[in-house]
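Me: I would like a close look at one part of this protein, namely its charged side chains and how they pair, set against the fold as a whole. Please also cover any unusual backbone geometry along the way.

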Amino acid sequence: MKICLKGAQVFVNNHISRQDILIDNDRISQIAPQINCSEAQIVPLNPQQVIAPGFIDVHVHLREPGFTQKETIKTGTLAAAHGGYTTVAAMPNVKPVPDTPQKLQAMVQLNQREAQVHVLQYASITKERTSEQLVDFAGMKAAGAFGFSNDGSGVQSANTMYQAMQAAHQVNLPLMAHIEDESLMNQGVMNAGATAQRLGLPGILPVAETAQLARDLELAAATGVHYHACHVSTANSVALIRFAKQRHLNVSAEVAPHHLLLDESMITKDNPQLKMNPPLRTLSDRQALLAGLLDGTIDMIATDHAPHTVADKAGSMKTAAFGITGLETSFPLLYTHLVQPGICSLAQLIQWLSIKPAQVFNLTQAGQLASGLPADLTILNVQDETTITAQHMYSQGLNSPFIGAPVTATIQATMVGGQWVYRKEQA
């Protein structure tokens with residue numbers, strides 16, 4: 001079946017211009033200013049709509065198996081489609097942890113059966129994700145691992161991390177680091193500082209992140225591994241990564257939308273919806289993260305989508321779970337708060353959400369619109385004022401401080417392999 005998308009602006013070759021797109025079955029067959037669509041189903045669009053390569057999120061938690069009361073692969077990937085994402089990479093903090101080739105293969109097969117978008121699966125770095133015993137790196141690659149991560153826990157032993165980096169480098173797969181020295185966490189629930197003291201809440205020292213990051217960057221220099229820093233949150237972390245890139249280390253980094261848009265000054269009371277790990281830092285940290293994104297120190301935006309039940313996030317920050325959802329709110333919020341005021345362009349935002357993740361992780365079949373490539377795309381409506389509401393979310397997790405926030409752009413539709421997986425009129 002052929003589908004012709006007519007009348008919209010299209011992001012091609014890093015530029016946005018008026019184009020038609022002809023899709024033949026699962027692939028893009030033509031992109032041009034005027035296409036003869038007489039033999040295709042025509043989808044009429046308008047200039048306030050922009051067709052972009054499907055977004056790529058290299059950091060999500062789908063919770064299945066083991067925690068399906070929080071999210072399932074189906075609901076999580078429906079949420080991804082609602083947010084404009086056509087490819088997501090799932091972290092291994094599920095139960096059982098995919099820490100053997102057999103468990104990972106079963107996880108990959110489960111993703112293929114249940115997912116509504118493409119899912120790339122991480123293997124854990126160590127057995128059970130929190131031990132010091134390394135997994136079978138070669139076996140994991142053969143079973144379909146996209147990369148390795150213990151996300152949710154930092155690797156505490158420098159020797160374990162060094163050996164893991166050597167093994168990951170040998171099989172030519174990335175190592176995604178949750179950067180956290182547990183000995184410096186102090187059972188904290190928010191950033192250590194005046195705000196935590198005023199609210200009577202235990203604080204997480206910023207150095208818990210930066211001390212382990214500094215260690216890891218030296219280990220990455222010694223091993224040559226592709227080291228990816230997850231959810232960077234401090235100005236000092238940005239400086240360390242900038243210096244690592246000046247040294248030409250094989251290092252990449254991500255920042256989460258909530259660390260770009262929120263800081264600790266916005267925590268005015270004990271509010272579990274604002275509890276996340278790493279925590280919201282200071283205004284100067286937030287400004288440094290944005291500066292790092294703009295100058296290329298930070299490569300991409302990744303949501304760290306972390307759904308929880310209502311009970312998980314109830315009560316006090318002292319006892320509630322860490323985490324915030326992000327797949328469905330990312331683009332509308334970033335467009336509203338970064339593009340609309342002129343801090344960045346829409347083309348830059350698409351780079352961070354789609355182009356750069358594909359380039360950094362060598363995803364040759366994603367992250368661009370071109371003839372012959374899979375028809376994985378999202379249609380953005382950049383003149384659609386609305387409010388983020390819980391009732392319009394597909395994720396089981398409603399743990400977001402952004403519910404009720406006004407936005408000026410939405411996702412109109414998402415297509416994966418030439419099939420509509422989300423269309424706004426059906427929401």
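Reply: What follows goes from the whole fold to the charged side chains, and then to the backbone.

The model is a predicted one, and its protein is built from 11 helices and 22 strands. The radius of gyration is 21 Å, close to the 22 Å that the globule rule gives for 427 residues, so the protein is as compact as a globular protein of that length. Taken along the principal axes, the box that the C-alpha atoms fill is roughly 65 × 50 × 45 Å. Of the 427 residues, 61% count as buried, and the accessible surface comes to about 16,000 Å², with 50% of it belonging to carbon and sulfur atoms. If one takes the contacts between residues at least 6 apart in sequence, 74% of them join residues at least 24 apart.

Turning to charge, the protein carries 27 positive and 33 negative side chains, and the centres of these two sets lie 1 Å apart. Side chains of opposite charge can pair when their charged atoms come close. In this structure there are 13 salt bridges, and two of them share Asp20, which makes that residue a convenient place to begin.

Lys6 forms a salt bridge with Asp20, with 2.5 Å between the closest N and O atoms. This pair links distant parts of the chain, since Lys6 belongs to strand E1 (residues 2-6) and Asp20 to strand E4 (residues 20-24), 14 residues apart. Arg18 also forms a salt bridge with Asp20, and here the closest N and O atoms are 2.8 Å apart. Asp20 counts as buried because its relative accessibility is 0%, where buried means under 20%. Arg18, by contrast, counts as partly exposed, because its relative accessibility is 29%.

A further salt bridge is formed by the side chains of Arg242 and Asp295, at 2.8 Å from N to O. Arg242 lies in helix H7 (residues 235-246) and Asp295 in the loop between H9 and strand E17 (300-301), so this pair ties together parts that are 53 residues apart in sequence. Both partners count as partly exposed, Arg242 at 29% relative accessibility and Asp295 at 46%. Returning to the earlier group, salt bridges that share partners join Lys6, Arg18 and Asp20 into one network.

Asp285 presents another case, because this residue is buried yet has no salt bridge: the nearest side chain of opposite charge is that of Arg281, 5.5 Å away, whereas a salt bridge needs a side-chain nitrogen of Lys or Arg within 4 Å of a carboxyl oxygen of Asp or Glu. Asp285 lies in helix H9, which covers residues 283-294. Leaving aside residues up to four places away in sequence, Asp285 touches Ser233, Thr234 and Ala235.

The backbone also deserves a careful reading. Most residues other than glycine have a negative phi, and most peptide bonds are trans. Against that background, the peptide bond from Lys95 to Pro96 is cis, with omega near 5°, and Pro96 is found in the loop between strand E9 (85-90) and helix H2 (101-114). A cis peptide bond also joins Asn277 and Pro278, with omega about 5°, and Pro278 sits in the loop between helix H8 (257-261) and H9, the helix that holds Asp285.

Positive phi values occur at Asn14 and Arg63, neither of which is a glycine. For Asn14, phi is near 70°, and the residue is found in the loop between strand E2 (9-12) and strand E3 (15-18). At 43% relative accessibility, Asn14 counts as partly exposed. For Arg63, phi is about 70°, and its place is in the loop between strand E8 (55-60) and helix H1 (73-82). Unlike Asn14, which is partly exposed, Arg63 is buried, with a relative accessible area of 9%.

Definitions and conventions: Residues are numbered from 1 along each chain as its sequence is written. This is a predicted model: local features need pLDDT of at least 70, side-chain atom pairs count only at pLDDT 80 or more; totals for chains, interfaces and linings use all residues. Side-chain values use heavy atoms; hydrogens and water are left out. Helices (H or I, at least four residues) and strands (E, at least two) are DSSP runs, numbered from the N terminus. The radius of gyration is taken over C-alpha atoms; the globule rule is 2.2 Å times the number of residues to the power 0.38. Buried means under 20% relative accessible area, exposed over 50%, partly exposed in between (1.4 Å probe, protein chains only). Contact means heavy atoms within 4.5 Å. Accessible areas come from the Shrake-Rupley method with a 1.4 Å probe; for residues, only the protein chains shown count as cover. Lys and Arg count as positive and Asp and Glu as negative; His and the chain ends are not counted. The place of a charge is taken as NZ of Lys, CZ of Arg, CG of Asp or CD of Glu.
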